[in-house]
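This report describes a single protein chain for a reader who is beginning to study molecular structure. Please keep the sequence and the model in view while reading.

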Amino acid sequence: MTAVDTNFLISTHRHDSPHHKAAALATNPTIFKSPTPPEIAILQVEIWMESPTLRLLTESTGASA
């Protein structure tokens, strides 16, 4: 299973996050010669969200399932 921490996604999205620069690697022109344009990165996330095998993880409520 591969999981992405929500805090990472928030830091990538929020320009005012102190971790934004480190988190937004795919769109950072100092990391890649041809960075991914933000609209393409957003499109990729939308494609991942459409995956039938995607499971969004949440914290347990503490109740037994």
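Ala 22 counts as exposed because its relative accessibility is 55%; exposed means over 50% relative accessible area, buried means under 20%, and partly exposed lies in between, with a 1.4 Å probe and protein chains only. Ala 22 is located in helix 2. Its C-alpha lies 8.2 Å from that of Thr 12, and the two residues are 10 residues apart in sequence.

The model is a predicted one, in which local features need pLDDT of at least 70 and side-chain atom pairs count only at pLDDT 80 or more, while totals for chains, interfaces and linings use all residues. Residues are numbered from 1 along each chain as its sequence is written, and side-chain values use heavy atoms, with hydrogens and water left out.

His 20 also belongs to helix 2, which covers residues 20–23. His 20 counts as buried because its relative accessibility is 13%. Apart from neighbours within four places in sequence, His 20 contacts Ser 11, Thr 12, Arg 14 and His 15, where contact means heavy atoms within 4.5 Å.

A third residue, Ile 47, is placed in helix 3. The table sets out the accessibility of the three residues.

| Residue | Relative accessible area | Class |
|---|---|---|
| His 20 | 13% | buried |
| Ala 22 | 55% | exposed |
| Ile 47 | 45% | partly exposed |

Ile 47 is also part of a nonpolar surface patch, together with Ile 40, Leu 43, Val 45, Trp 48, Met 49, Leu 54 and Leu 56. The accessible area of this patch is about 780 Å² together. Patches consist of residues with over 30% relative accessible area and no salt bridge (a side-chain nitrogen of Lys or Arg within 4 Å of a carboxyl oxygen of Asp or Glu); like charges are joined within 9 Å, and nonpolar side chains (Val, Leu, Ile, Met, Phe, Trp, Tyr) within 5 Å.

The protein chain as a whole has three helices and zero strands, these being DSSP runs numbered from the N terminus (helices H or I, at least four residues; strands E, at least two). Of its 65 residues, 9% count as buried. The chain exposes about 6,200 Å², of which carbon and sulfur atoms supply 61%; such areas come from the Shrake-Rupley method with a 1.4 Å probe, and for residues only the protein chains shown count as cover.

The average pLDDT, the predictor's confidence in each residue from 0 to 100, is 77 for the chain, and 83% of the residues score at least 70.
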